[in-house]
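Morning, everyone. I have one structure to walk through today. Please bring it up on your screens.

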Amino acid sequence: MQLTPIYDAEREVWHLAEAGGVIWDMVPMLTTFALTGTPDGDRLHGYRWRWCFKTELELLCSAGVFDPDTMDEPPGYLKRKGEERQAPRRDALPEYNRPKCVHGRYLDVRDCVHIACPGWTP
Ligand SMILES: [Zn+2]
């Protein structure tokens, strides 16, 4: 998506974009950076989706290639928090939008390195 970063000093977040009826922000966390998605018109309840990244650069690169219209989630995140997301036109990219664990690994590949991963079944 097209990023137009503006620092929101009041909320202490970087507002990155508005796309697909969603407000996309970068939020610094204690040890990671989070990309959050808040449906426009529902700001009262805060974000609905959140993905954590190791660095700001990884988050920005991911957000730059993320198409919220056809991609359920941005690529390359460390961990998903909040709800799982489904893109409105997810059928356009079925190979990309296969089920993933919370660490962003495809379940059918079963290569998540987290032993306690809820998506990992022996
Ligand atoms: Zn996992």
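Where is Ile115 found? Ile115 sits in the segment after S6. Keep in mind that this is a predicted model. Is Ile115 buried or exposed? Its relative accessibility is 76%, so Ile115 counts as exposed. Now pick a reference point for it. Ile115 and Leu59 are separated by 56 residues in sequence. In space, their C-alpha atoms are 25 Å apart.

Next, the metal. Which residues are the protein donors of the zinc ion? They are Cys101 through SG, His103 through ND1, Cys112 through SG and Cys117 through SG. The distances run from 2.2 to 2.3 Å. What is the geometry of the site? The zinc site is tetrahedral, and the angles among its 4 donor atoms span 98 to 117°. For reference, the ideal angle for four tetrahedral donors is 109.5 degrees. Along the chain, the donors follow the spacing C-x1-H-x8-C-x4-C. Take Cys101 and Cys112 as a pair. Both lie in the segment after S6, 11 residues apart, and the pair links distant parts of the chain. Cys101 has a relative accessible area of 4%, so Cys101 is buried. Cys112 comes in at 12%, so Cys112 counts as buried too.

On to charges. Side chains of opposite charge can pair when their charged atoms come close. How many salt bridges does the structure hold? The count is 10. I will show three of them.

Start with Asp69 and Arg89. Their closest N and O atoms are 2.8 Å apart. Asp69 lies in the loop between helix H1 (56-65) and strand S6 (79-82), while Arg89 is in the segment after S6, so this salt bridge ties together parts that are 20 residues apart in sequence. Asp69 is partly exposed, at 30% relative accessible area. Arg89 is partly exposed as well, at 46%.

Now Asp72 and Arg90. This salt bridge is 2.6 Å, N to O. Here too distant parts of the chain are linked: Asp72 is in the loop between H1 and S6, Arg90 in the segment after S6, with their positions 18 residues apart. Is Asp72 buried or exposed? Its relative accessibility is 8%, and the limit for buried is under 20%, so Asp72 counts as buried. Arg90 is at 24%, so Arg90 counts as partly exposed.

Which residues are joined into one network by salt bridges that share partners? Those are Asp8, Arg11 and Asp25. Within that network, the side chains of Asp8 and Arg11 meet at 3.3 Å, N to O. Asp8 has a relative accessible area of 23%, which makes Asp8 partly exposed. Arg11 is at 45% and also counts as partly exposed.

Last stop, Glu73. Glu73 is placed in the loop between H1 and S6. With 5% relative accessibility, Glu73 counts as buried. Which side chain makes a polar contact with the side chain of Glu73? That is Arg80, at 2.6 Å. What else does Glu73 touch? Setting aside residues up to four places away in sequence, Glu73 touches Trp51, Phe66, Arg80, Tyr96 and Lys100.

To recap, the zinc site is tetrahedral, the structure holds 10 salt bridges, and Glu73 is buried. That's my tour.

How values were computed
Residues are numbered from 1 along each chain as its sequence is written. This is a predicted model: local features need pLDDT of at least 70, side-chain atom pairs count only at pLDDT 80 or more; totals for chains, interfaces and linings use all residues. Side-chain values use heavy atoms; hydrogens and water are left out. A salt bridge is a side-chain nitrogen of Lys or Arg within 4 Å of a carboxyl oxygen of Asp or Glu. Buried means under 20% relative accessible area, exposed over 50%, partly exposed in between (1.4 Å probe, protein chains only). Helices (H or I, at least four residues) and strands (E, at least two) are DSSP runs, numbered from the N terminus. A polar contact is a pair of N or O atoms within 3.5 Å; within protein, one must be able to donate a hydrogen and the other to accept it, and residues adjacent in sequence count only if both atoms are side-chain atoms. Contact means heavy atoms within 4.5 Å. Donors are N, O and S atoms within 2.8 Å of the metal (3.2 Å for Na, K and Ca); water is not among the atoms, so sites may look incomplete. Four donors count as tetrahedral if all angles lie between 85 and 135 degrees; four count as square planar and six as octahedral if opposite donors are over 155 degrees apart and all others between 65 and 115; anything else is irregular.
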